Amino acid sequence: MWHTFLAPADRFASRRGFWLVLLFATTILLRMVQLPWYPIPDPTVHDEFSHLLGADTISSGRLSNPTPPLPEFFESLHILVRPTYATKYMPGQSLLLAFGQVFFGHPFWAVILSGGVFIASVYWMLTGWVRPSIALLGAVCTMITFRAPHYWINSYWGGNGIAIGCAFLLGAYPRLTQSAKGACRAAEQEKNTGLNRSASSSVLRGFLKGRDRNAAWILGLALALILYTRPFEGGVLALMMAAWLCVHLWRNRREGGFTWGKRIAVRAGLVVALALGWLGCYNRAVTGSAWTLPYLVHMGQYQTFPLFWPVPAPPPKLFSHPALANYHDSYERYPYDRIRSWNGPTKVIIPAIRTLLHLWGIVPAFLVLLPALLFIPDPGLRTLLVWASGIAITEVLQVMLIQHYMAPLIVLAILIQWKGLSAMGDLHTSGRPFGGWLATLAVLVSFGFLLKESTPIPQPTATRARYAALRKQIVNEFQRSDGRHVLLVRYGANHDPDCEWVYNGADIANSKIIWARDRGPENHKLREHFPDRRFWLLEPDAEPYRLRRGLGAD
């Protein structure tokens, strides 16, 4: 049954360029059709506001902004106000959102486009490892899995950028290794027939034309995307893949493997060098040093826990406002203190496994597939399993795991599922095939659960849902009003740190609404600096919320 289905399915899926474009367009169309149920979202998570600040900065033609006057009023979560006013994150997501803001008038349209590119990149990745019909089937399942309301395509938080980079990286690997095998085989044949070195080099150049040469450029693009989004998690995958490529070249060194490797390295290295050069300019604009990432500066100023839970906590820090101290000392540090307990690692590992099982073809299909994976004698599949194990080890050492942190592992899991499914169909015992029935069962169960279950997303608490609605209401009211305003935010004793109000655009001075922290008697300094604005005191934690004119210095 399985092989009977695959033969005509391969003919149907043979036009790879056509399906690549169609998957890209269908993903975008599907998200736009869902707009009545899932409209353009408003930012609610701290990270989203930070990425949007970066997008606003870049779309304004700058890499950073000067430190605002009286910066202690504008300090907020995941942003820098010193040495410059900027997002703390790598610039990849900000560049993406800025693209949408400049060319389409709103950052969200770039999120939708990136969702289409992600599905297309998954398809391109799979075509390098499995037959066309299975690659198409895997891309369609991935599109269903990451439909709205999944936050990768329904928020400004990120996820698609690093996932695209990892899909390009994994898709380039089999194309490059197949090119190497062909080039080395041809070089050996030419050597045996007595051709000179220049003729042998021409043979090598021939193998680097078309798709194989393009794979080298795509490899460089993948590394640049990883560098600009999540360089640690994606870098682990890149280093492991580089090690495998080096071993492959060493084994074929006598047949011209190093010549092939140098040509690939030049193409990919050129893209990476350009990416590193721009990143150095960005770092210099934000931190004053081309070698210092904004993320590291922010860690030194605010973060009260290390990135990895086995590492001891840094010395305590002093904060300029109780809300910042509450977030960094208590709320943000809580996962680190919890995981340092004797059973703490299980509190990271179990949710990570649950996420992968849900995304990776749904639990029942995974249970059908996993036993077969352990017995399939496929070197490519074993390589992928080793890579996945290496990334999993580094992932569980982190204090916090969110799906876009796990993007390299998720993309690898998608590839392992469909590579394993492809290899499973050839299993047999005593000359009698049985793998096709297992593969068919796994596909049917996967589709059944994908259509029934909604994809997991971080669900907002009731407090955050109230915060999002209230902030949108207040912003709309003030945008419709006359004049320009400063809203001083005073939190209550039971304030939820998840609900941060003090976020501004890149150009604070010229914004219609300026959000600032209430600093009691010091508020008059803002009045002196913004004498032409109306001042308001907002108490969002009150029931109902309170908003009144004045400095609120009582």
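**Figure 1. Phe478 and its aromatic partner Trp536 in the predicted model.** In this predicted model, Phe478 is buried, since its relative accessible area of 6% falls under the 20% that sets the limit for a buried residue. Trp536 also counts as buried, at a relative accessibility of 17%. The ring centres of Phe478 and Trp536 lie 5.3 Å apart with their planes at 80°, so the two rings make an edge-to-face pair, the term that applies when the planes are over 60 degrees apart. This pair joins distant parts of the chain, for Phe478 belongs to helix H20 (residues 462-480) and Trp536 to strand S7 (residues 534-539), with their positions 58 residues apart in the numbering.

**Figure 2. Aromatic pairing at Tyr151 and Trp157, and an aromatic cluster.** The structure holds 25 aromatic pairs, and one of them is formed by Tyr151 and Trp157, whose ring centres are 5.0 Å apart and whose planes meet at 45°, a tilted arrangement. Both partners are buried, Tyr151 with a relative accessibility of 5% and Trp157 with a relative accessibility of 11%. A single aromatic cluster is made up of Trp129, Tyr173, Trp244 and Trp387.

**Figure 3. Arginine side chains over tryptophan rings.** Arg175 is placed over the face of Trp124, at a distance of 4.0 Å from the centre of the ring. In another such arrangement, the charged end of Arg471 sits over the ring of Trp515, 4.5 Å from the ring centre.

**Figure 4. Two nonpolar cores.** The largest nonpolar core contains 72 residues, and the residues with the most contacts inside this core are Phe118, Met125, Trp387 and Trp418. When neighbours within four places in sequence are left aside, the contacts of Phe118 are with Thr142, Phe146, Trp152, Asn160, Ala163, Ile164 and Val411. A second core, separate from the largest one, has 39 residues, among them Phe73, Tyr503, Ala516 and Leu537. For the protein as a whole, 55% of its 554 residues count as buried.

**Figure 5. The largest cavity and its lining.** The count of cavities of 30 Å³ or more comes to 6, and the largest cavity has a volume of about 90 Å³. This largest cavity is lined by 14 residues, of which Thr27, Met143, Phe146, Arg147 and Ile153 are the closest to its centre. Helix H2 (16-33) and helix H5 (108-127) each contribute at least two residues to the lining of the largest cavity. Phe146, one of the residues closest to the cavity centre, is also among the contacts of Phe118.

**Figure 6. The second largest pocket.** The second largest pocket holds about 750 Å³ of space, and of the 28 residues in its lining, those closest to its centre are Pro43, Phe49, Leu52, Arg471 and Val475. Two or more residues of this lining come from each of helix H3 (46-59), helix H20 and strand S6 (513-517), and H20 gives the most, with 6 residues. Arg471, one of the residues closest to the pocket centre, is the residue whose charged end sits over the ring of Trp515.

**Figure 7. Val475 and its surroundings.** Val475 lies in helix H20 and, with a relative accessibility of 22%, counts as partly exposed, a class that begins where the buried limit of 20% ends. Apart from residues up to four places away in sequence, Val475 touches Ile513 and Trp515. The C-alpha atom of Val475 is separated by 9.9 Å from that of Lys512, a residue 37 positions away along the chain.

**Figure 8. Ala493 in the loop between strands S5 and S6.** Ala493 is found in the loop that runs between strand S5 (485-489) and strand S6, and its relative accessibility of 86% makes it an exposed residue. The C-alpha atoms of Ala493 and Asp541 are 8.5 Å apart, although the two residues are separated by 48 residues along the chain. Over the protein, residues 24 or more positions apart account for 77% of the contacts that have a separation of 6 or more. The secondary structure of the protein comprises 21 helices and 8 strands.

Terms used: Residues numbered from 1 in each chain as written. Predicted model: local features only at pLDDT ≥ 70, side-chain atom pairs only at ≥ 80, totals over all residues. Heavy atoms only, no water. Phe/Tyr/Trp six-rings, centres within 6.5 Å; stacked < 30°, edge-to-face > 60°. Buried < 20%, exposed > 50% of the residue type's maximum accessible area, 1.4 Å probe, protein only. Helix = DSSP H or I, 4+ residues; strand = E, 2+ residues; numbered from the N terminus. Lys NZ or Arg CZ within 6 Å of the ring centre and 35° of its normal. Core = buried A, V, L, I, M, F, W, Y, C linked by side-chain atoms within 4.5 Å. Contact = heavy atoms within 4.5 Å. 1 Å grid on protein atoms, 1.4 Å probe; cavity = no way out; pocket = protein on both sides within 12 Å on 5 of 7 lines; lining within 4 Å. Points joined across faces, edges and corners; volume = space filled by probe spheres on them.
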